[in-house]
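Dear colleague,

I am handing over the structure below for your work. My account of what was found in it follows directly after.

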Amino acid sequence: MNFWRFHGGIAKLTTEKNMMLPLLAEISGSIHVGLAAMGVGIGIGLTGLGMTTAVGRNPGAFTPVLVHAILAIALTEAIVFYALYLVH
C-alpha cells in the first residue's frame, strides 16, 4: 500500500515500511524534554531533602540554607528551559 506524504511542500510517495522512520523521528524529538523534566523533578526533590535535613540538624541556619536552596532550585529548573528551547 502506498501513501503520499508531504514534506516541505513536496509530495513524496512512501511505502508502509518507510513510514516508520518519520514517525520515530517525531516521537524521539521530544523525548529529551520529558527526560529533562524528570531529571529536574528528581533534582529539586533531592535539594528539598538536603535542605530539610540541614535545617533539622541546625534550625538556626534556616535563612542561609533557604537562600542556597532557592538558588539551587532556580539553576536546576533552567535545564528544562534549555531542553524546551532545543525542541524548536
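The accessible surface of the chain comes to about 6,800 Å², and carbon and sulfur atoms hold 72% of that area. Please note that the model is a predicted one, and that every value in this message is computed from it.

Overall architecture

Of the 88 residues in the chain, 14% count as buried. The secondary structure consists of two strands and three helices, arranged along the sequence as β-β-α-α-α. Among contacts in the chain with a separation of 6 or more, 43% are between residues 24 or more positions apart.

Helices H2 and H3

Helix H2 covers residues 31-57. Its 27 residues reach 39 Å from the first C-alpha to the last, close to the 39 Å expected at 1.5 Å a residue. Helix H3 comprises 26 residues, 62-87. At 1.5 Å a residue H3 should span 38 Å, and because its end C-alpha atoms are 38 Å apart, the model agrees with that expectation.

Both helices contribute buried residues. In H2 these are Val-33, Ala-36, Val-40, Thr-47, Met-51 and Val-55; in H3 they are Ala-69, Thr-76, Val-80 and Ala-83. The cover is reciprocal: H3 is included in what covers the buried residues of H2, and H2 is included in what covers those of H3.

The nonpolar surface patch

A nonpolar patch lies on the surface, formed by Met-20, Leu-23, Leu-24, Ile-27, Ile-31, Leu-35, Met-38, Ile-42, Leu-46 and Leu-49. Together these residues have about 990 Å² of accessible area. Helix H1, residues 20-28, and helix H2 each supply at least two residues of the patch. H2 provides the largest share, with six residues.

Is Ile-42, one of the patch residues, buried or exposed? Ile-42 is found in helix H2. Its relative accessible area is 52%, and exposed means over 50%, so Ile-42 counts as exposed. Helix H2 therefore carries both kinds of residue: Ile-42 is exposed, whereas Val-40 is buried.

In summary, H2 takes part in two features described above: H2 is included in the cover of the buried residues of H3, and H2 supplies six residues to the nonpolar patch.

With kind regards

Definitions and conventions
Residues numbered from 1 in each chain as written. Predicted model: local features only at pLDDT ≥ 70, side-chain atom pairs only at ≥ 80, totals over all residues. Heavy atoms only, no water. Helix = DSSP H or I, 4+ residues; strand = E, 2+ residues; numbered from the N terminus. Buried < 20%, exposed > 50% of the residue type's maximum accessible area, 1.4 Å probe, protein only. Contact = heavy atoms within 4.5 Å. Areas by Shrake-Rupley, 256 points an atom, 1.4 Å probe, with all protein chains shown as cover. Expected span 1.5 Å × (residues − 1). Patch = residues over 30% accessible without salt bridge, like charges linked within 9 Å, V, L, I, M, F, W, Y side chains within 5 Å. Salt bridge = Lys/Arg side-chain N within 4 Å of Asp/Glu carboxyl O.
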